[in-house]
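Got your viewer open? Load the model and get ready to click along.

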Amino acid sequence: MRYKIPKEVLTVEKALAGDGFSAYLVGGCVRDILLGREPKDWDLTSDAKPAEIQKLFLESVYENEFGTVGIKTDSDDPKLKIIEVTTFRVEGKYTDKRHPDEIKFAKTVEEDLSRRDFTINAIALNPEDGTVVDPYGGREDIEAKTIRTVGDPKARFAEDALRLMRAVRFAMELDFEIEMDTRRAIEQSAGLLEMIAKERIRDELTKMLMTPNAARGIIMLEELDLLRYVLPELREGLGVGQNKHHIYSVFEHNVRALDYSARQNYSLLVRMASLLHDVAKPRVKAGDGPDSTFYNHEVVGGKMVPRVLDRLHFGKDFIEQVAHLVRYHLFYYNVGEVTESGVRRFLRRVGSEYIDDLFKVREADRIGSGVPKAFPYKLRHLLFMIDKVKHDPISPKMLKVSGEDVMRIAEIPPSAKVGQILAALLEEVLDSPEKNSTDYLEARIREIAEFSEKQLIEIAKKAKIKTNEFESGVEAEIKKKHHVS
(Lines give C-alpha, C1' and ligand atoms only; values in the text may rest on other atoms or scores of the structure.)
Protein backbone atom coordinates (compact mmCIF):
# COMPACT_ATOMS: atom_id res chain seq x y z
CA MET A 1 0.00 0.00 0.00
CA ARG A 2 1.23 3.50 -0.84
CA TYR A 3 1.14 6.26 1.74
CA LYS A 4 1.45 10.01 1.32
CA ILE A 5 5.00 10.81 2.42
CA PRO A 6 6.53 14.32 2.25
CA LYS A 7 9.16 14.84 -0.44
CA GLU A 8 11.71 15.92 2.19
CA VAL A 9 11.45 12.50 3.88
CA LEU A 10 11.65 10.67 0.55
CA THR A 11 14.73 12.68 -0.43
CA VAL A 12 16.55 11.62 2.73
CA GLU A 13 15.48 7.98 2.38
CA LYS A 14 16.56 7.84 -1.29
CA ALA A 15 19.96 9.32 -0.47
CA LEU A 16 20.51 6.66 2.18
CA ALA A 17 19.26 3.88 -0.10
CA GLY A 18 21.48 5.15 -2.91
CA ASP A 19 24.49 4.65 -0.68
CA GLY A 20 23.43 1.10 0.21
CA PHE A 21 21.65 1.77 3.50
CA SER A 22 18.11 0.91 4.55
CA ALA A 23 15.82 3.52 6.09
CA TYR A 24 12.39 3.29 7.66
CA LEU A 25 9.89 5.69 9.15
CA VAL A 26 9.30 4.64 12.73
CA GLY A 27 7.45 5.53 15.92
CA GLY A 28 4.62 7.99 16.25
CA CYS A 29 4.59 9.09 12.62
CA VAL A 30 3.92 5.52 11.42
CA ARG A 31 1.19 5.09 14.02
CA ASP A 32 -0.41 8.36 12.89
CA ILE A 33 -0.17 7.42 9.20
CA LEU A 34 -1.95 4.13 9.88
CA LEU A 35 -4.59 5.99 11.88
CA GLY A 36 -5.12 8.47 9.07
CA ARG A 37 -3.84 11.33 11.24
CA GLU A 38 -1.38 14.08 10.39
CA PRO A 39 1.99 13.12 11.92
CA LYS A 40 3.48 15.62 14.38
CA ASP A 41 7.02 14.80 13.22
CA TRP A 42 8.83 12.53 10.80
CA ASP A 43 11.56 10.26 12.16
CA LEU A 44 13.65 7.75 10.25
CA THR A 45 15.75 4.86 11.50
CA SER A 46 18.59 3.36 9.50
CA ASP A 47 21.47 0.91 9.60
CA ALA A 48 23.76 3.82 8.65
CA LYS A 49 26.02 4.95 11.50
CA PRO A 50 25.98 8.65 12.54
CA ALA A 51 29.31 9.36 10.82
CA GLU A 52 28.03 7.75 7.61
CA ILE A 53 24.83 9.79 7.76
CA GLN A 54 26.78 13.02 8.26
CA LYS A 55 29.04 12.16 5.34
CA LEU A 56 25.98 11.88 3.10
CA PHE A 57 24.31 15.05 4.41
CA LEU A 58 26.66 17.99 4.90
CA GLU A 59 23.81 20.11 6.33
CA SER A 60 23.36 17.96 9.44
CA VAL A 61 23.82 18.09 13.20
CA TYR A 62 24.86 15.33 15.60
CA GLU A 63 24.95 16.43 19.24
CA ASN A 64 23.61 13.51 21.33
CA GLU A 65 24.43 10.06 22.63
CA PHE A 66 21.56 8.25 20.95
CA GLY A 67 22.76 7.98 17.38
CA THR A 68 20.32 10.63 16.12
CA VAL A 69 21.45 12.94 13.32
CA GLY A 70 19.34 15.99 12.43
CA ILE A 71 19.31 16.65 8.69
CA LYS A 72 18.41 20.18 7.62
CA THR A 73 16.03 20.66 4.69
CA ASP A 74 14.78 23.72 2.82
CA SER A 75 11.13 22.99 3.73
CA ASP A 76 8.77 25.79 4.74
CA ASP A 77 6.94 23.35 7.04
CA PRO A 78 8.35 23.62 10.61
CA LYS A 79 7.79 19.85 11.07
CA LEU A 80 10.01 19.11 8.06
CA LYS A 81 12.83 21.63 8.51
CA ILE A 82 14.79 18.94 10.37
CA ILE A 83 14.48 15.24 9.51
CA GLU A 84 15.94 13.07 12.27
CA VAL A 85 17.66 9.82 11.35
CA THR A 86 18.58 7.47 14.20
CA THR A 87 20.85 4.47 13.77
CA PHE A 88 19.26 1.09 14.60
CA ARG A 89 20.01 0.49 18.26
CA VAL A 90 19.35 -1.69 21.29
CA GLU A 91 19.55 -0.57 24.89
CA GLY A 92 21.06 -2.01 28.04
CA LYS A 93 19.58 -2.10 31.54
CA TYR A 94 17.79 0.92 33.04
CA THR A 95 19.31 1.05 36.51
CA ASP A 96 17.75 4.44 37.32
CA LYS A 97 14.38 3.54 35.74
CA ARG A 98 14.83 6.53 33.43
CA HIS A 99 17.80 6.10 31.08
CA PRO A 100 19.51 3.07 29.54
CA ASP A 101 22.92 2.31 31.08
CA GLU A 102 24.32 1.78 27.59
CA ILE A 103 23.28 2.03 23.96
CA LYS A 104 24.56 -0.28 21.23
CA PHE A 105 23.99 -0.01 17.52
CA ALA A 106 21.96 -2.87 16.03
CA LYS A 107 22.01 -4.49 12.62
CA THR A 108 18.30 -4.85 11.85
CA VAL A 109 15.16 -2.79 12.17
CA GLU A 110 13.53 -5.68 14.06
CA GLU A 111 16.15 -5.35 16.79
CA ASP A 112 15.48 -1.63 16.96
CA LEU A 113 11.72 -2.15 17.27
CA SER A 114 12.22 -4.61 20.13
CA ARG A 115 13.32 -1.79 22.49
CA ARG A 116 10.23 0.37 21.98
CA ASP A 117 7.49 0.94 24.54
CA PHE A 118 4.13 0.03 23.00
CA THR A 119 3.22 -2.11 20.01
CA ILE A 120 1.50 0.80 18.27
CA ASN A 121 4.86 2.62 18.34
CA ALA A 122 6.89 -0.43 17.26
CA ILE A 123 6.02 -0.40 13.56
CA ALA A 124 8.41 0.55 10.79
CA LEU A 125 7.43 1.75 7.31
CA ASN A 126 9.56 1.96 4.19
CA PRO A 127 8.64 5.43 2.87
CA GLU A 128 9.44 4.58 -0.74
CA ASP A 129 7.56 1.32 -1.34
CA GLY A 130 5.18 1.27 1.65
CA THR A 131 6.56 -1.98 3.11
CA VAL A 132 5.56 -2.37 6.77
CA VAL A 133 7.64 -4.16 9.42
CA ASP A 134 5.38 -5.07 12.35
CA PRO A 135 6.81 -7.89 14.50
CA TYR A 136 4.63 -7.18 17.58
CA GLY A 137 1.16 -6.86 16.10
CA GLY A 138 0.99 -3.08 16.30
CA ARG A 139 -1.41 -2.78 13.36
CA GLU A 140 -3.81 -5.24 14.99
CA ASP A 141 -3.69 -3.22 18.22
CA ILE A 142 -4.37 -0.04 16.28
CA GLU A 143 -7.40 -1.71 14.71
CA ALA A 144 -8.53 -2.91 18.15
CA LYS A 145 -7.77 0.50 19.72
CA THR A 146 -5.52 -1.13 22.29
CA ILE A 147 -2.45 0.06 24.21
CA ARG A 148 -0.14 -2.92 24.82
CA THR A 149 3.55 -3.03 25.70
CA VAL A 150 6.19 -4.63 23.54
CA GLY A 151 7.01 -7.82 25.43
CA ASP A 152 6.70 -8.18 29.21
CA PRO A 153 4.88 -5.07 30.53
CA LYS A 154 6.56 -5.09 33.94
CA ALA A 155 9.98 -5.23 32.29
CA ARG A 156 9.05 -2.35 29.97
CA PHE A 157 7.89 -0.18 32.85
CA ALA A 158 10.94 -1.08 34.94
CA GLU A 159 13.13 0.25 32.10
CA ASP A 160 11.50 3.68 32.02
CA ALA A 161 8.78 4.38 34.57
CA LEU A 162 7.51 7.37 32.60
CA ARG A 163 5.91 4.78 30.32
CA LEU A 164 3.35 4.29 33.11
CA MET A 165 1.99 7.75 32.35
CA ARG A 166 2.61 7.53 28.63
CA ALA A 167 0.26 4.54 28.48
CA VAL A 168 -2.54 6.64 29.97
CA ARG A 169 -1.68 9.63 27.81
CA PHE A 170 -1.74 7.58 24.59
CA ALA A 171 -5.04 6.01 25.64
CA MET A 172 -6.56 9.47 26.08
CA GLU A 173 -4.92 11.00 23.02
CA LEU A 174 -6.02 8.19 20.72
CA ASP A 175 -9.22 7.25 22.56
CA PHE A 176 -7.86 3.71 23.08
CA GLU A 177 -8.11 1.29 25.99
CA ILE A 178 -5.17 -0.21 27.88
CA GLU A 179 -4.87 -3.98 27.48
CA MET A 180 -5.51 -5.87 30.74
CA ASP A 181 -2.02 -7.33 31.35
CA THR A 182 -0.50 -3.93 30.64
CA ARG A 183 -3.02 -2.33 32.97
CA ARG A 184 -2.24 -4.76 35.82
CA ALA A 185 1.48 -4.14 35.36
CA ILE A 186 0.90 -0.38 35.66
CA GLU A 187 -0.98 -0.88 38.94
CA GLN A 188 1.81 -3.10 40.28
CA SER A 189 4.58 -0.74 39.12
CA ALA A 190 2.96 2.60 40.02
CA GLY A 191 5.48 3.36 42.76
CA LEU A 192 8.29 3.54 40.21
CA LEU A 193 6.91 6.89 39.09
CA GLU A 194 8.56 8.43 42.16
CA MET A 195 11.92 7.94 40.46
CA ILE A 196 10.97 10.04 37.43
CA ALA A 197 11.99 13.70 37.08
CA LYS A 198 9.02 15.94 37.86
CA GLU A 199 9.35 17.90 34.62
CA ARG A 200 8.91 14.69 32.62
CA ILE A 201 5.75 13.91 34.59
CA ARG A 202 4.62 17.50 34.02
CA ASP A 203 5.05 17.15 30.26
CA GLU A 204 3.00 13.94 30.12
CA LEU A 205 0.30 15.44 32.35
CA THR A 206 0.15 18.53 30.12
CA LYS A 207 -0.24 16.46 26.96
CA MET A 208 -2.96 14.38 28.61
CA LEU A 209 -4.85 17.43 29.87
CA MET A 210 -4.85 18.87 26.35
CA THR A 211 -6.72 15.87 24.94
CA PRO A 212 -10.53 15.80 24.65
CA ASN A 213 -10.46 12.88 27.14
CA ALA A 214 -8.60 14.79 29.85
CA ALA A 215 -11.15 14.04 32.57
CA ARG A 216 -11.16 10.32 31.79
CA GLY A 217 -7.37 10.49 31.98
CA ILE A 218 -7.45 11.85 35.55
CA ILE A 219 -9.88 9.08 36.52
CA MET A 220 -7.65 6.46 34.93
CA LEU A 221 -4.59 7.83 36.74
CA GLU A 222 -6.52 7.29 39.98
CA GLU A 223 -7.73 3.81 38.97
CA LEU A 224 -4.16 2.77 38.18
CA ASP A 225 -2.82 4.26 41.45
CA LEU A 226 -0.72 6.85 39.59
CA LEU A 227 -2.53 10.01 40.67
CA ARG A 228 -0.96 9.93 44.14
CA TYR A 229 2.43 10.53 42.48
CA VAL A 230 1.15 13.30 40.21
CA LEU A 231 -1.58 15.34 41.95
CA PRO A 232 -1.99 13.91 45.46
CA GLU A 233 -3.90 16.99 46.66
CA LEU A 234 -6.63 16.26 44.12
CA ARG A 235 -7.17 12.84 45.71
CA GLU A 236 -8.13 14.50 49.00
CA GLY A 237 -11.52 15.13 47.42
CA LEU A 238 -12.25 11.43 46.88
CA GLY A 239 -15.48 10.55 48.66
CA VAL A 240 -15.77 14.00 50.23
CA GLY A 241 -19.45 14.87 50.01
CA GLN A 242 -20.66 18.41 49.48
CA ASN A 243 -23.82 20.24 50.47
CA LYS A 244 -27.32 20.40 49.06
CA HIS A 245 -26.15 22.59 46.18
CA HIS A 246 -23.88 19.84 44.81
CA ILE A 247 -24.76 16.33 43.67
CA TYR A 248 -21.15 15.13 43.27
CA SER A 249 -18.23 14.59 45.62
CA VAL A 250 -15.42 17.17 45.55
CA PHE A 251 -13.24 14.91 43.39
CA GLU A 252 -16.03 14.18 40.91
CA HIS A 253 -16.93 17.87 40.75
CA ASN A 254 -13.35 18.92 39.94
CA VAL A 255 -13.01 16.24 37.27
CA ARG A 256 -16.35 17.17 35.71
CA ALA A 257 -15.27 20.81 35.60
CA LEU A 258 -12.13 19.72 33.73
CA ASP A 259 -14.27 17.66 31.38
CA TYR A 260 -16.31 20.71 30.43
CA SER A 261 -13.16 22.78 29.82
CA ALA A 262 -11.67 20.03 27.65
CA ARG A 263 -14.89 19.60 25.63
CA GLN A 264 -14.92 23.35 25.03
CA ASN A 265 -11.28 23.11 23.86
CA TYR A 266 -10.17 25.72 26.39
CA SER A 267 -6.52 26.51 27.07
CA LEU A 268 -4.24 24.54 29.41
CA LEU A 269 -4.53 27.43 31.88
CA VAL A 270 -8.33 27.17 32.05
CA ARG A 271 -8.25 23.36 32.15
CA MET A 272 -5.80 23.32 35.04
CA ALA A 273 -7.70 26.00 36.96
CA SER A 274 -10.96 24.10 36.39
CA LEU A 275 -9.39 20.90 37.71
CA LEU A 276 -7.95 22.59 40.81
CA HIS A 277 -10.57 25.27 41.49
CA ASP A 278 -12.03 23.42 44.51
CA VAL A 279 -8.89 21.53 45.52
CA ALA A 280 -8.98 23.11 49.00
CA LYS A 281 -12.54 22.12 49.88
CA PRO A 282 -11.60 18.96 51.83
CA ARG A 283 -9.25 21.02 54.02
CA VAL A 284 -11.81 23.67 54.97
CA LYS A 285 -14.96 21.58 55.17
CA ALA A 286 -17.10 22.23 58.23
CA GLY A 287 -20.01 20.01 59.20
CA ASP A 288 -21.45 17.20 57.16
CA GLY A 289 -24.46 16.45 55.08
CA PRO A 290 -26.61 18.94 53.14
CA ASP A 291 -25.66 21.95 55.29
CA SER A 292 -21.86 21.49 55.28
CA THR A 293 -19.79 24.55 54.40
CA PHE A 294 -16.46 25.28 52.71
CA TYR A 295 -15.68 28.85 53.82
CA ASN A 296 -12.63 30.46 52.19
CA HIS A 297 -11.89 27.42 50.04
CA GLU A 298 -11.05 29.73 47.13
CA VAL A 299 -8.51 31.63 49.26
CA VAL A 300 -6.91 28.46 50.61
CA GLY A 301 -6.97 26.94 47.12
CA GLY A 302 -5.17 29.97 45.72
CA LYS A 303 -2.39 29.30 48.23
CA MET A 304 -2.30 25.54 47.59
CA VAL A 305 -1.98 25.78 43.80
CA PRO A 306 1.58 27.23 43.78
CA ARG A 307 2.79 24.32 45.93
CA VAL A 308 1.01 21.77 43.74
CA LEU A 309 2.30 23.11 40.42
CA ASP A 310 5.75 24.16 41.60
CA ARG A 311 6.37 20.56 42.65
CA LEU A 312 5.76 19.58 39.00
CA HIS A 313 8.08 22.37 37.81
CA PHE A 314 5.49 24.36 35.91
CA GLY A 315 6.63 27.87 34.94
CA LYS A 316 6.28 30.72 37.41
CA ASP A 317 3.90 32.78 35.24
CA PHE A 318 1.64 29.80 34.58
CA ILE A 319 1.51 28.95 38.29
CA GLU A 320 0.61 32.52 39.24
CA GLN A 321 -2.15 32.65 36.62
CA VAL A 322 -3.72 29.35 37.72
CA ALA A 323 -3.55 30.42 41.37
CA HIS A 324 -5.20 33.74 40.51
CA LEU A 325 -8.09 32.05 38.69
CA VAL A 326 -8.60 29.62 41.58
CA ARG A 327 -8.48 32.45 44.12
CA TYR A 328 -11.16 34.49 42.35
CA HIS A 329 -13.37 31.82 40.78
CA LEU A 330 -16.01 32.27 43.48
CA PHE A 331 -17.45 35.73 42.92
CA TYR A 332 -20.98 36.91 43.69
CA TYR A 333 -23.11 39.04 41.41
CA ASN A 334 -26.80 39.82 41.56
CA VAL A 335 -28.47 42.11 39.06
CA GLY A 336 -29.36 45.37 40.76
CA GLU A 337 -27.26 44.71 43.88
CA VAL A 338 -23.74 45.48 42.68
CA THR A 339 -23.06 48.98 41.44
CA GLU A 340 -20.92 50.10 38.52
CA SER A 341 -18.25 51.19 40.99
CA GLY A 342 -18.39 47.70 42.47
CA VAL A 343 -17.79 46.23 39.03
CA ARG A 344 -14.83 48.60 38.54
CA ARG A 345 -13.36 47.42 41.83
CA PHE A 346 -13.96 43.83 40.78
CA LEU A 347 -12.01 44.49 37.57
CA ARG A 348 -9.26 46.19 39.52
CA ARG A 349 -8.91 43.27 41.90
CA VAL A 350 -9.25 40.46 39.37
CA GLY A 351 -7.52 42.14 36.44
CA SER A 352 -9.21 42.86 33.10
CA GLU A 353 -6.82 40.45 31.39
CA TYR A 354 -8.20 37.55 33.46
CA ILE A 355 -11.92 38.13 32.86
CA ASP A 356 -12.37 35.82 29.86
CA ASP A 357 -10.57 32.92 31.53
CA LEU A 358 -12.26 33.55 34.87
CA PHE A 359 -15.69 33.28 33.27
CA LYS A 360 -14.64 30.06 31.53
CA VAL A 361 -13.62 28.57 34.88
CA ARG A 362 -16.92 29.72 36.33
CA GLU A 363 -18.77 27.98 33.47
CA ALA A 364 -16.84 24.77 34.17
CA ASP A 365 -17.61 25.09 37.89
CA ARG A 366 -21.33 25.38 37.19
CA ILE A 367 -21.52 22.48 34.73
CA GLY A 368 -19.33 20.40 37.06
CA SER A 369 -21.96 20.95 39.73
CA GLY A 370 -24.64 19.37 37.58
CA VAL A 371 -26.56 22.53 36.66
CA PRO A 372 -27.95 22.68 33.12
CA LYS A 373 -26.77 26.21 32.20
CA ALA A 374 -23.11 27.20 32.01
CA PHE A 375 -23.87 30.86 31.50
CA PRO A 376 -27.02 32.10 33.28
CA TYR A 377 -28.55 35.55 32.98
CA LYS A 378 -26.65 36.85 36.03
CA LEU A 379 -23.27 36.18 34.42
CA ARG A 380 -24.42 37.59 31.10
CA HIS A 381 -25.53 40.75 32.88
CA LEU A 382 -22.20 41.01 34.69
CA LEU A 383 -20.43 40.80 31.32
CA PHE A 384 -22.68 43.60 30.11
CA MET A 385 -21.69 45.70 33.13
CA ILE A 386 -18.01 44.91 32.60
CA ASP A 387 -18.27 45.94 28.96
CA LYS A 388 -19.97 49.15 30.10
CA VAL A 389 -17.19 50.19 32.51
CA LYS A 390 -14.15 48.49 30.94
CA HIS A 391 -12.72 51.78 29.63
CA ASP A 392 -13.07 53.54 32.99
CA PRO A 393 -9.91 54.01 35.10
CA ILE A 394 -9.40 51.06 37.46
CA SER A 395 -5.72 51.38 38.44
CA PRO A 396 -3.32 54.16 39.55
CA LYS A 397 -1.61 53.96 36.15
CA MET A 398 -4.87 55.06 34.50
CA LEU A 399 -5.13 58.25 36.57
CA LYS A 400 -4.44 61.57 34.86
CA VAL A 401 -1.74 62.23 37.46
CA SER A 402 1.31 60.22 38.48
CA GLY A 403 3.45 59.67 41.54
CA GLU A 404 5.81 62.35 40.26
CA ASP A 405 2.90 64.79 40.09
CA VAL A 406 2.00 63.95 43.68
CA MET A 407 5.56 64.59 44.89
CA ARG A 408 5.77 67.87 42.94
CA ILE A 409 2.40 69.27 43.98
CA ALA A 410 2.46 68.05 47.60
CA GLU A 411 6.18 68.87 47.90
CA ILE A 412 6.99 65.51 49.50
CA PRO A 413 9.83 63.03 48.83
CA PRO A 414 9.32 59.46 47.61
CA SER A 415 7.48 57.71 50.44
CA ALA A 416 4.51 55.55 51.37
CA LYS A 417 2.41 58.72 51.51
CA VAL A 418 2.70 59.10 47.72
CA GLY A 419 1.04 55.71 47.26
CA GLN A 420 -1.60 56.53 49.87
CA ILE A 421 -2.56 59.73 48.06
CA LEU A 422 -2.77 57.93 44.71
CA ALA A 423 -4.92 55.22 46.32
CA ALA A 424 -7.27 57.89 47.75
CA LEU A 425 -7.56 59.53 44.32
CA LEU A 426 -8.29 56.20 42.67
CA GLU A 427 -11.10 55.50 45.13
CA GLU A 428 -12.81 58.72 44.11
CA VAL A 429 -12.37 57.94 40.42
CA LEU A 430 -13.67 54.39 40.84
CA ASP A 431 -16.90 55.91 42.23
CA SER A 432 -17.01 58.75 39.68
CA PRO A 433 -14.88 58.25 36.54
CA GLU A 434 -15.63 61.80 35.40
CA LYS A 435 -13.33 63.01 38.20
CA ASN A 436 -10.34 61.59 36.33
CA SER A 437 -9.22 64.98 35.05
CA THR A 438 -5.88 66.65 35.60
CA ASP A 439 -7.38 69.83 37.10
CA TYR A 440 -9.60 68.00 39.58
CA LEU A 441 -6.93 65.49 40.68
CA GLU A 442 -4.23 68.12 41.10
CA ALA A 443 -6.57 70.13 43.30
CA ARG A 444 -7.36 67.01 45.36
CA ILE A 445 -3.65 66.25 45.75
CA ARG A 446 -3.20 69.61 47.49
CA GLU A 447 -6.13 68.87 49.79
CA ILE A 448 -5.27 65.24 50.60
CA ALA A 449 -1.61 66.16 51.21
CA GLU A 450 -2.85 67.99 54.31
CA PHE A 451 -4.57 64.89 55.70
CA SER A 452 -3.14 63.25 58.78
CA GLU A 453 -1.84 59.70 58.80
CA LYS A 454 -4.98 58.68 60.68
CA GLN A 455 -7.23 60.17 57.97
CA LEU A 456 -5.33 58.37 55.19
CA ILE A 457 -5.64 55.07 57.07
CA GLU A 458 -9.37 55.64 57.44
CA ILE A 459 -9.69 56.22 53.68
CA ALA A 460 -7.84 52.94 53.06
CA LYS A 461 -10.21 51.10 55.44
CA LYS A 462 -13.27 52.41 53.64
CA ALA A 463 -11.71 51.47 50.32
CA LYS A 464 -11.19 47.92 51.53
CA ILE A 465 -14.85 47.64 52.50
CA LYS A 466 -15.89 48.74 49.01
CA THR A 467 -13.32 46.48 47.39
CA ASN A 468 -14.85 43.49 49.17
CA GLU A 469 -18.30 44.15 47.76
CA PHE A 470 -18.28 40.94 45.71
CA GLU A 471 -16.73 38.81 48.47
CA SER A 472 -19.15 40.04 51.13
CA GLY A 473 -21.94 39.20 48.73
CA VAL A 474 -20.67 35.65 48.49
CA GLU A 475 -20.57 35.28 52.27
CA ALA A 476 -24.03 36.79 52.69
CA GLU A 477 -25.43 34.46 50.06
CA ILE A 478 -23.87 31.40 51.71
CA LYS A 479 -25.16 32.40 55.14
CA LYS A 480 -28.61 32.98 53.70
CA LYS A 481 -28.68 29.53 52.11
CA HIS A 482 -27.58 27.85 55.32
CA HIS A 483 -29.56 29.97 57.78
CA VAL A 484 -26.42 31.22 59.52
CA SER A 485 -26.58 34.64 61.15
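How many helices and strands does the secondary structure of the chain come to? Colour by secondary structure and you should find 24 helices and 11 strands. Keep in mind that this is a predicted model.

**The whole chain**

Start zoomed out, with all 485 residues showing; 52% of them are buried. Switch on the surface next: the chain exposes about 23,100 Å², and carbon and sulfur atoms supply 50% of that. If you draw contacts with a separation of 6 or more, 67% of them come from residues 24 or more positions apart.

**Select 68–72**

Now hide the surface and pick out strand β4, residues 68–72. Is this strand mostly covered or mostly open? Mostly covered: four of its five residues are buried.

**Add 60–61**

Next, bring in strand β3, residues 60–61, which runs antiparallel to β4 and is joined to β4 by two bridges. Click serine 60 and look across to its bridge partner in β4, isoleucine 71. Then follow the hairpin of β3 and β4 through the six residues between the strands. Stop at glycine 67, which takes a positive phi near 75°.

**Add 82–87**

Finally, select strand β5, residues 82–87. How many bridges join β4 to β5? Five, and these two strands run antiparallel. Go back to isoleucine 71 and look towards β5, where its bridge partner is isoleucine 83. With serine 60 still displayed, you can see isoleucine 71 bridged to serine 60 of β3 and to isoleucine 83 of β5.

Technical notes
Residues numbered from 1 in each chain as written. Predicted model: local features only at pLDDT ≥ 70, side-chain atom pairs only at ≥ 80, totals over all residues. Heavy atoms only, no water. Buried < 20%, exposed > 50% of the residue type's maximum accessible area, 1.4 Å probe, protein only. Pairing = 2+ DSSP bridges. Contact = heavy atoms within 4.5 Å. Areas by Shrake-Rupley, 256 points an atom, 1.4 Å probe, with all protein chains shown as cover.
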